[in-house]
Amino acid sequence: MSSKQNLQKDAEEIQHLLSLATRERVKNVLKLEQQKIEAEMNRLSNTEAGKDEGTSVPKVPKQKEFHAKKITNYGWDQSEKSVKMYVSLKGVHTVPAEQVTVTYTQKSFDLIVHNLEGSNHQLNIANLLHDIDAENSSFKIKTDNLILFLRKAEKITWKYLTVAEQKSKLMKESAPPKYDDKADPSAGIMDMMRKMYDDGDDEMKRTIAKAWTESRDKEKDML
């Protein structure tokens with residue numbers, strides 16, 4: 001079987017799968033593959049035509065490689081069921097829907113907007129704080145914006161978006177305070193006692209309150 005016949009069979013199979021597909025994401029993948037097969041069949045037809053006419057076959061131009069740009073303008077929010085990513089990207093609504101792809105995994109997602117004003121735009125977030133349901137995650141295209149709906153695997157509140165953000169916050173909280181030789185030493189002690197009081201249990205709070213009262217009484221006696 002010739003290459004052209006093989007491609008024809010592939011095209012028929014893709015068309016059959018398209019008629020069966022119900023999910024939009026699957027349809028988009030099949031359509032992209034269908035376009036590749038059609039382009040290859042056209043190339044073979046041109047090659048054969050050139051041979052029949054005894055003329056040189058024109059070279060197929062290289063597919064243009066688009067410069068990749070990292071998306072940095074985004075934020076997130078959450079509901080009981082999903083984490084919502086709000087991505088700002090000017091002109092995103094002007095590209096065909098099949099040029100916007102999002103790949104979801106249990107712990108990450110990879111958004112790519114292909115060929116927007118001559119560039120590919122990408123937002124890749126790995127090591128999410130909690131698992132997501134990749135199969136039931138989705139996105140919507142709005143004017144100059146995209147909204148990604150990361151379906152939570154468990155209905156729990158996310159304190160951070162990623163593991164890295166959580167680690168960074170914990171490191172800052174556990175870092176020793178900077179020593180300032182000009183600061184009032186008693187102010188630092190007072191701040192420490194307030195933090196111990198706020199974070200402590202009932203017994204700790206009673207102990208600190210008692211120490212605080214005794215300290216104030218001593219100050220009054222010394223006056």
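The following paragraphs describe the fold of this chain, its two sheets and its salt bridges.

The model is predicted, so local features are reported only at pLDDT of at least 70 and side-chain atom pairs only at pLDDT 80 or more, whereas totals for chains, interfaces and linings use all residues. Residue numbers start from 1 along each chain as its sequence is written, and side-chain values rest on heavy atoms, with hydrogens and water left out.

The chain contains 5 helices and 8 strands; these are DSSP runs numbered from the N terminus, with helices (H or I) of at least four residues and strands (E) of at least two. Their order along the sequence is α-α-β-β-β-β-β-β-β-β-α-α-α. Of the 223 residues, 23% are buried, where buried means under 20% relative accessible area, exposed means over 50% and partly exposed lies in between, for a 1.4 Å probe and protein chains only. The chain exposes about 16,800 Å², and carbon and sulfur atoms supply 51% of that area, as computed by the Shrake-Rupley method with a 1.4 Å probe. Among contacts (heavy atoms within 4.5 Å) with a separation of 6 or more, 55% involve residues 24 or more positions apart.

One open sheet of 4 strands has the order β1-β6-β5-β4 and mixed pairing; two strands are taken to pair if DSSP finds at least two bridges between them. The edges of this sheet are β1 (67–70) and β4 (100–104), each of which pairs on one side only. From one strand to the next, the twist averages 20°, with axes fitted as lines to C-alpha atoms and angles running from 0 to 180 degrees between N-to-C directions. Strands β1 and β6 (residues 119–125) run parallel and are joined by 4 bridges, and His-67 has Ser-119 of β6 as its bridge partner.

The other open sheet of 4 strands follows the order β2-β3-β8-β7, with antiparallel pairing. Its edge strands are β2 (74–78) and β7; each has a single partner strand, so one side of each is left without a neighbour in the sheet. Here the twist from one strand to the next averages 20°. Strand β7 runs antiparallel to β8 (residues 145–151), to which 5 bridges join it, and Lys-142 stands opposite Asn-145 in β8.

The loop between β6 and β7 (138–142) holds His-130, which is partly exposed at a relative accessible area of 24%. Beyond its neighbours within four places in sequence, His-130 contacts Gln-106, Lys-107, Ile-156, Thr-157 and Trp-158. Trp-158 is 28 residues away along the chain, yet the C-alpha atoms of His-130 and Trp-158 are separated by 7.5 Å.

The whole structure contains 3 salt bridges, each defined by a side-chain nitrogen of Lys or Arg within 4 Å of a carboxyl oxygen of Asp or Glu. Asp-131 and Lys-107 form one of them, at 3.6 Å from N to O. Asp-131 lies in the loop between β6 and β7 and Lys-107 in the loop between β4 and β5 (109–116), so the pair ties together parts 24 residues apart in sequence. Both residues are partly exposed, Asp-131 at 29% relative accessibility and Lys-107 at 32%.

Glu-135 pairs with Arg-23, with their closest N and O atoms 3.5 Å apart. This salt bridge links the loop between β6 and β7 to the loop between α1 (3–20) and α2 (24–53), across 112 residues. Within helix α2, Glu-40 and Arg-43 are 3 residues apart and thus separated by about one helical turn; their side chains meet in a salt bridge of 2.7 Å, N to O.
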